[in-house]
Structure formats: C-alpha cells, structure tokens
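Trainee: Could you take a close look at one spot with me, and then walk me around the rest from there?

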There are 2 protein chains.
Amino acid sequence: MELMIPLKSGKAISMYEQIYAYIKEEIRQGAMEAGMRLPSTRVLAENLNVSRSTTQMAYDQLVAEGYVEALPNRGYFVLGMEALFEAEQEPPGTFIPKKEGEKSGTEIDFSPRGIDLTHFPYNVWRKLTRNTLVEDNKEMFLTGSPQGEPALREAIKGYLHSARGVRCAGEQIIIGAGNEYLLMLLYQILGTERVIAMENPTYKQAYRVFESLGYGIVPVGMDGLGMDIRALRNSRADIAYVMPSHQYPTGIVMPVGRRQELLKWAGEKKGRYLIEDDYDSEFRYKGRPIPALQGLDKAGKVIYMGTFSKSIAPAIRVGYMVLPRPLLEIYRERLGFYASTVSRIDQNVIYQFLTDGYYERHLNRMRAIYKGKHDLLLGQLRKLEDDFEICGEHAGLHILLANKKGRTEKWLVERAGEKGAKVYGLSSYFISRPCDSRPGTVLLGYARLSEEEILKGAELLQEAWKEK
Amino acid sequence: MELMIPLKSGKAISMYEQIYAYIKEEIRQGAMEAGMRLPSTRVLAENLNVSRSTTQMAYDQLVAEGYVEALPNRGYFVLGMEALFEAEQEPPGTFIPKKEGEKSGTEIDFSPRGIDLTHFPYNVWRKLTRNTLVEDNKEMFLTGSPQGEPALREAIKGYLHSARGVRCAGEQIIIGAGNEYLLMLLYQILGTERVIAMENPTYKQAYRVFESLGYGIVPVGMDGLGMDIRALRNSRADIAYVMPSHQYPTGIVMPVGRRQELLKWAGEKKGRYLIEDDYDSEFRYKGRPIPALQGLDKAGKVIYMGTFSKSIAPAIRVGYMVLPRPLLEIYRERLGFYASTVSRIDQNVIYQFLTDGYYERHLNRMRAIYKGKHDLLLGQLRKLEDDFEICGEHAGLHILLANKKGRTEKWLVERAGEKGAKVYGLSSYFISRPCDSRPGTVLLGYARLSEEEILKGAELLQEAWKEK
C-alpha cells in the first residue's frame with residue numbers, strides 16, 4: 001500500500017505531526033481498517049521524501065496513542081477498536097447561566113454580608129507579601145504541613161487565647177481555605193452518618209454544606225437565650241452547631257447558663273459534640289468581647305471555628321478550626337493525607353500580619369469604624385422605636401428591626417424597596433418556618449455603607465415605613 | 001451585701017474588668033449563689049471609690065455573658081445555672097504526634113513525589129504578585145466568582161484546548177484549592193451513594209479521598225492497555241476514575257481503542273461518568289503529548305481534572321476540573337453557594353503567568369530539564385536490563401523497574417536501602433493486592449535529584465542488586 005500524504009513545508013506543523021495526524025484521521029474515519037498493514041517507515045520516508053526518523057516519530061506516536069500496533073519483524077498494523085462512540089451531544093448554547101445578582105433601582109443596600117474594605121492596609125499586605133517572596137524563601141513553594149504552617153498555628157493559638165479565651169495547643173488547630181472546606185473535613189472526621197442540630201434561624205451557608213454532604217439536619221428553635229435545650233434533648237441530634245457569642249442572624253448572645261446546659265448535653269453521651277462557629281466575635285462595641293464557649297469546655301466537646309474572612313478580607317479564604325484531642329487523633333490517622341488548601345505564601349503573609357502587630361491594629365481600627373457606623377445607624381433607628389423593636393445591636397455587622405404594629409416582613413421589605421432601600425427579611429434564615437406568626441423582622445447590615453449612605457438609607461426607611 | 005473587691009490601679013487591666021472578673025469568679029466558684037442580689041452600681045461605685053460608669057460597665061458585661069440578670073427597678077441578681085460541667089479532662093501531654101518522616105541513613109531518595117523547584121521563576125512570580133497588589137486593584141480582596149475568576153478560567157480553557165485537546169467552555173471549569181478539594185465537591189455533585197471503579201494499582205491520594213467520603217470503591221485490574229473493561233463491566237461501579245494519558249504509578253498510556261471502550265461503557269447507562277485525572281500530562285519526552293480522553297468524548301461523560309501542583313509548584317494549591325454540562329447544572333443549582341477556595345490574588349498571579357507566556361516557557365524549560373534527568377537515569381538503568389524490565393519511561397517523573405530474576409519487591413527495597421538508596425515498592429499503590437505473584441517492582445522518581453545524585457543513586461542500585 002502506498003500512502004499519499006499531502007505535506008506542507010514550513011514551520012507551523014512539523015512533518016512528523018502532519019503524517020501522524022493524517023494517518024490518525026484515516027483510521028478514525030474508517031478509511032484504514034483494522035489489521036491493515038502500514039508501509040514500512042523506510043518506504044514511507046522515501047515516498048514522501050522525508051527522513052526516516054520523521055516517519056519513525058509519526059509511527060511511534062500512533063503506537064503510543066493506540067491507533068497502530070508494532071509487531072517485531074512484521075511491521076505496523078492498524079488496530080481494531082470499538083466503533084467510535086458518537087452519542088448525541090446536546091446542541092451548544094442550551095445552557096443558560098444563572099444571573100449572579102439582580103440589577104435594580106436600589107440606592108442603599110443594607111446587605112448583612114460583606115465588610116468594609118476601604119480601610120484595608122493594602123500597603124502593609126504588599127510589603128508582607130514582598131517579604132515572603134524574598135529570594136531565599138524558596139521552601140514557600142514546597143508542600144507544607146497538612147494542618148497549616150506550625151508558626152501560623154501558634155500565632156492563631158496565641159490570638160485565640162488572649163482575645164477569645166480559647167484554650168488549645170497549636171497542634172489542635174487546622175487551617176483551611178475557608179470554613180466551608182473545614183466543614184467538609186469535619187464531616188469526614190465525625191463520620192458520615194450524623195444528625196446535626198442547628199439553631200433556627202441560622203447561618204444558611206453552614207446549613208447548605210451539611211445538607212449537601214447528606215447529613216440529617218434538625219432545626220431547633222431559639223428563645224431569647226439561644227438554642228432551646230429541651231427541643232435539642234428531644235431531637236435525635238448528636239451534634240449541635242451554635243454561634244454562642246453572637247448568633248447569626250438574631251444577634252443573640254448565649255448566656256453562660258445556657259452554655260453550661262449545652263456542654264452538659266454534649267457530655268452525657270459519647271460521640272456528642274458542639275460546633276462553635278465564632279464567625280464575627282471580633283466586633284463588639286460595648287464592654288468586653290463575649291468569651292468563646294470553647295473556653296468553658298473541660299471535656300473536649302467543643303469544635304471551635306473561626307475565620308479571617310470578616311476580620312481581614314473575604315477573598316483571603318483562610319479559616320481555622322480547633323479540634324478536641326480525640327477528634328484530632330481521628331483527623332491525623334485518617335485524614336492526615338490531605339494537603340493544606342492554603343498556599344504557604346498566603347499563610348506566611350497572615351503569620352506576619354498577626355505577629356507583627358498589624359492584625360491587632362487593624363482590628364482596633366475596624367472596630368472603631370464599625371462602631372461609628374453602628375452608632376450612627378442605631379441613632380437614626382431610634383426614631384422608629386415607636387413601631388419597631390431594635391435587637392442584635394452592640395455587636396457584629398448588622399442590626400435587626402422587629403415590627404410592633406403587625407406589619408409583615410414582606411410589607412417591610414417591599415415598601416423599603418419601593419423607596420430604594422434594600423433590606424433583608426429574617427424569614428430566609430429559617431430552615432423550617434415556625435408556625436407561630438412572629439412580628440415582621442428585617443436585617444440591616446451597615447459594614448459596607450458610608451456614613452452618608454447610612455443617613456440616606458435610614459431616611460428612606462422612615463419614609464417607607466411611616467404609619468399614617 | 002457589701003462587696004470588697006481588691007482592685008489594682010495601673011493600666012494593665014482596667015477597673016471595670018477587674019470588677020467583672022472578680023464577680024464572675026465568685027459566681028463560678030459558688031461563693032455567690034443564684035438569686036443573690038448584687039449591690040447597686042451606685043453603692044458599689046462608692047464602696048470601691050470608682051466612678052459609677054465603671055461599675056455599670058462591669059455589670060453590663062456580666063449581664064451580656066449571662067452571669068447576672070438585670071430586673072427593672074429591682075436591681076441585679078445572680079443567675080442560676082447548671083452546675084458547672086467539669087468532666088475529667090485528659091491529662092495534658094498524652095498526645096504523641098506522629099512522626100512526619102523517618103530519619104535514616106538514606107543518601108539518595110528516589111521519591112516519585114515532588115518536583116524540581118530549583119528552576120522555578122521566582123523573580124517572575126514576585127513581579128506578577130506585585131502587579132496584582134497594585135494600589136487600584138482593591139477588588140482582589142472581595143469575594144470573587146465561586147467557580148474561580150472568569151479570566152483565569154478562559155486562560156485555562158485555552159491552554160487545555162491547545163495542549164491537551166480538551167474541548168470545553170470557560171464556564172464549565174471550576175478552580176479549587178487542590179484536586180482533593182475538587183473531589184469533595186464532585187462527591188456532592190455526583191451524589192453520595194456512588195460506587196467508584198479505580199485502576200489497581202492507582203493514585204492512593206484519590207483513593208483515600210473517596211474512601212474517607214464513604215464511597216464504595218471497586219478495584220479493577222489492569223492489563224498492558226489500562227483498566228480491564230470486562231472487570232469494569234462485571235462490577236457494580238457507575239463511575240470510573242482513570243489516568244489515561246499516563247497512569248499512576250504504572251506509567252501505562254491507554255490506547256485510543258481502550259478509551260473508546262471506556263466511553264462506550266459510560267454511555268450505556270444514565271448517570272455513568274469517567275473521571276479523567278490528567279495529573280502530569282505536561283511531561284512527555286518522546287513525540288507529542290498524548291491527548292486527553294475528554295477530547296474524544298462526544299456525550300458529556302468525562303469529568304476532566306488537572307492541576308498546577310506538578311507544573312508550577314505543589315504549594316500553589318490550585319487545581320481545576322471541567323464538568324460536563326449536566327453536572328455543571330447540578331453544581332450551579334446545588335453547590336453554587338460555595339465560595340472559591342483560592343484567593344483572588346493567587347488566581348490573578350496564575351492568570352498572568354499563563355497569559356503572559358511564562359507558563360509555556362516554564363513548561364518547555366522543565367520538560368527539557370526533566371528529559372535530561374530521565375535520559376540520564378534511563379541510560380544508567382540500561383546496565384540493569386539483564387535482570388530488570390524497564391517500564392513507564394518517556395513520560396512523567398518516575399520510571400519503574402520490574403525484576404526478571406524472581407526477586408521480591410521487599411528484597412529490592414531492602415537491599416537498596418542498605419546501600420543508601422531509597423526506592424519505592426509498587427505494592428503500596430494497590431488497593432487490593434492481586435493474588436498472582438507479579439515480579440518485584442519498584443518506582444524510581446528523579447524530579448528532585450541532581451545529575452550527580454542520579455549517577456550516584458544508579459551506582460548504589462547496581463551494587464545493591466547485582467546477582468552473583
């Protein structure tokens with residue numbers, strides 16, 4: 001058989017690749033059938049007027065990819081294969097991506113998410129990043145400790161001890177790319193057949209993680225002190241996910257008595273644990289910070305979780321959890337193979353940020369800035385006190401308003417929207433809506449708003465909600 | 001009741017905190033009992049000779065933390081709480097951390113893991129990081145797209161198309177902090193009740209992820225062409241995890257015929273998928289790269305996974321996967337709430353690295369360097385060809401040696417170890433050891449070794465394994 005392969009000179013595609021591509025296509029089209037013998041590399045080279053090494057390279061590639069077989073002393077043969085599997089491909093362009101956010105006539109968005117980044121110390125971050133990337137720091141590009149850099153873990157331990165009353169060793173800390181990832185790890189540590197009790201309403205991101213992983217989830221109602229212990233006791237849950245220092249979204253601070261009851265519940269049965277999500281405890285504007293539940297725990301029942309997303313920046317993607325020792329042992333034994341999800345460069349920058357005093361300074365500054373915004377908004381909202389109860393103030397990055405005049409959440413959100421102020425209904429934070437008809441309640445976040453926007457927004461709300 | 005609180009002046013701890021801490025401790029110790037009325041803030045202030053706002057702050061904090069209750073017009077009362085839950089804490093220091101690696105007399109470590117970082121373009125990386133952190137780039141610190149930055153996804157799409165023959169849109173790509181994390185996502189996309197077929201032997205990290213998540217795992221044997229299709233058909237697996245372009249650890253390249261059979265298997269039943277792990281396809285030293293299986297797939301059955309851990313650096317922690325559209329829709333609908341696990345700064349640096357031509361240059365350079373090491377080692381190993389079969393050469397970062405003289409793997413590893421060369425037995429990559437007695441086989445990685453070390457190591461192996 002003679003192969004007439006139309007070859008193009010020039011550098012774009014090498015000769016051997018043209019030969020390879022031609023024969024491959026012939027085989028794929030069925031023009032060369034299984035068992036057919038190819039001309040020898042010598043003959044083909046002579047026919048095409050190329051060097052024999054060129055035809056040899058083309059044949060080698062065809063052999064490597066499995067289109068052709070080389071039989072010693074016999075030559076090259078086209079290989080048989082399953083008829084090319086060509087099922088129907090869905091027509092292109094049928095996929096309509098979801099809208100990432102709605103455009104609207106909103107003037108002031110009281111989103112409870114997001115933080116104020118206008119005061120982020122960009123220059124410091126740049127400097128620390130440069131410091132990390134100095135010439136003799138090449139190990140930054142090698143795989144580090146699965147739990148995170150030991151030095152950073154020690155720094156976090158020190159911070160947690162002094163600022164949050166958390167008692168742990170650095171080796172109990174696991175650093176990860178965000179708390180959602182850490183919850184996925186925790187799922188594998190705790191075992192896949194668990195039932196989780198969550199405060200209702202709760203932080204929906206965590207709820208979605210548990211749901212998506214297939215955990216059973218029990219919504220447990222709250223009273224003014226936090227999760228209802230009797231309801232927890234009556235549930236089949238063996239893990240409780242709580243935010244004792246500043247519950248999201250209600251802003252409730254769990255008093256020490258309720259904390260003790262929770263710890264007691266956890267201690268009564270092997271395998272019970274509390275997950276303490278301490279997501280925004282850095283920001284409290286009245287008195288001392290509320291200490292973490294973990295610090296009260298003497299029996300190793302609390303899994304403590306924290307994050308730099310709110311206190312530094314969301315895109316930093318660094319969170320951490322503190323494992324009780326029995327869970328740490330399970331982690332090391334069964335999950336120690338997971339490489340850290342945070343680059344060592346990023347870890348090193350955060351380490352310097354913490355240990356060189358920048359973090360404390362940044363927190364103090366942001367606390368003052370947020371307190372200013374909080375006080376301003378709260379002052380304006382006092383004008384609404386005849387019609388609304390104000391809750392969840394003095395901490396975090398949002399305030400709640402509960403209507404006392406029987407207005408529904410829907411009414412509040414819609415009326416505000418009509419005036420150009422976007423507020424967020426509490427009901428979307430419920431896992432299951434309780435049957436009692438609570439007062440219409442909305443969340444007002446202020447972290448990303450300027451003072452002017454807060455004043456303007458409060459004005460819009462007064463107009464929107466004024467009772468005739 | 002009069003409270004005598006020993007107060008220290010000075011700045012270390014403020015007065016109000018001393019008062020707060022004292023009363024809190026008294027309550028915790030039981031010295032102040034539930035229901036007890038505290039002195040009024042005015043009386044306490046007079047007794048202690050501090051301002052009334054100081055005692056007010058102390059009481060507010062005690063109320064916030066739940067130790068004390070404020071009753072309007074009646075005063076402050078100690079709250080009752082569950083007896084402090086004080087279970088036995090395990091004595092400190094009982095935890096013995098596992099050794100992270102054994103010290104030994106090893107001179108030359110042929111580890112198949114790790115890459116050569118001595119030629120990493122540190123200066124470029126520094127420069128690109130500086131570019132990313134310029135003053136007017138503040139959105140880098142805000143939350144980005146959950147799937148990863150659109151620009152980086154487009155760049156990866158372009159690279160995958162030209163270098164790997166992968167056909168996809170940028171919107172099908174999901175960027176994550178390493179492939180282990182992406183497998184956790186995939187677990188939630190595919191559903192938690194799946195059975196996965198894995199090549200046996202296989203990449204143990206992926207095996208551990210699936211195992212840890214609770215998937216059923218079926219080890220499927222391999223012949224010289226890859227995963228045994230008949231065994232796959234006889235299994236109850238509906239997902240197959242394969243490395244067609246360069247199987248780890250065997251180095252087998254799956255020929256196109258076997259690929260077609262795999263695609264056919266996947267197409268025969270709804271819900272069947274192939275996971276193609278294309279972990280080190282960048283490095284092939286003979287002929288063209290072997291195209292990805294994904295490029296042959298016309299029915300949306302292949303989930304393609306790639307990583308920058310080998311081609312840039314392990315600590316970068318960036319991998320990506322390409323989802324078929326039906327799975328993309330599930331991801332967007334159910335998992336779109338997950339924030340990206342890679343910081344936007346890192347994503348932007350990699351984006352520049354890819355689009356400014358640095359990546360291609362770096363790959364070409366590393367391919368030449370690895371080829372040099374590969375050729376050097378292969379040349380030395382030829383001296384062992386009477387006793388060993390060489391396999392898995394011409395690609396990746398390791399070579400396999402299979403003994404032809406009936407020596408066991410254990411003998412090979414131990415003898416080499418005695419001479420100071422660490423080699424890695426193939427058996428540790430098996431999920432279940434097949435009952436047939438294969439020849440003793442070891443892996444020799446060379447990426448991290450210098451030329452001198454390769455020569456020295458090969459010499460040690462010849463001494464260790466010489467047959468009298």
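Trainee: What is the relative accessibility of His394(B), and how does that residue count on the scale from buried to exposed?

Mentor: His394(B) comes out at 22% relative accessibility, and that counts as partly exposed. The scale goes like this: buried is under 20% relative accessible area, exposed is over 50%, and partly exposed is in between, using a 1.4 Å probe and protein chains only. Before we go on, two bits of housekeeping. This is a predicted model, where local features need pLDDT of at least 70, side-chain atom pairs count only at pLDDT 80 or more, and totals for chains, interfaces and linings use all residues, while side-chain values use heavy atoms, with hydrogens and water left out. Residues are numbered from 1 along each chain as its sequence is written, and chains are lettered from A and ligands numbered from 1 in the order in which they are written.

Back to your histidine. His394(B) has a positive phi of about 75° although it is not a glycine. You'll find it in the loop between strand S12 (388–391) and strand S13 (398–403) of chain B; helices (H or I, at least four residues) and strands (E, at least two) are DSSP runs, numbered from the N terminus. Now look at chain A: phi of His394(A) is near 75°, a positive value in a residue other than glycine. His394(A) counts as partly exposed at 22% relative accessibility.

For more backbone oddities, stay with chain B. Gly214(B), just after H7(B), takes a positive phi of about 95°. Helix H7 itself (residues 204–213) is mostly covered, with eight of its 10 residues buried, among them Tyr207(B), Val209(B) and Phe210(B). In the loop between strand S5 (195–200) and H7 of chain B sits Pro201(B), and the peptide bond from Asn200(B) to Pro201(B) is cis, with omega near 10°. Chain A has a cis peptide bond joining Tyr248(A) and Pro249(A), with omega about 5°. Pro249(A) belongs to the loop between strand S8 (239–242) and helix H9 (256–267) of chain A.

Next, the rings. A pair of aromatic rings is described by the distance of the centres and the angle of the planes. Rings of Phe, Tyr and Trp (its six-membered ring) pair if their centres lie within 6.5 Å; planes under 30 degrees apart are stacked, over 60 edge-to-face, and the rest tilted. Over all chains, the search finds 38 aromatic pairs. In one of them, Tyr159(A) and Tyr359(A) have ring centres 5.2 Å apart and planes at 75°, so the pair is edge-to-face. Tyr159(A) lies in helix H5 (residues 150–164) of chain A and Tyr359(A) in helix H12 (residues 358–381) of chain A, so the pair ties together parts that are 200 residues apart in sequence. Tyr159(A) and Tyr359(A) are buried, and ring pairs link them into a cluster that includes Trp125(A), Phe308(A) and Tyr358(A).

Lastly, back to chain B for a helix contact. Gln352(B), Phe353(B) and Leu354(B) in H11(B) meet Tyr358(B), Tyr359(B) and His362(B) in H12(B), where contact means heavy atoms within 4.5 Å. Those contact residues divide into four nonpolar, two polar and no charged. Here Ala, Val, Leu, Ile, Met, Phe, Trp, Tyr, Cys and Pro count as nonpolar, Asp, Glu, Lys and Arg as charged, and the others, Gly among them, as polar.
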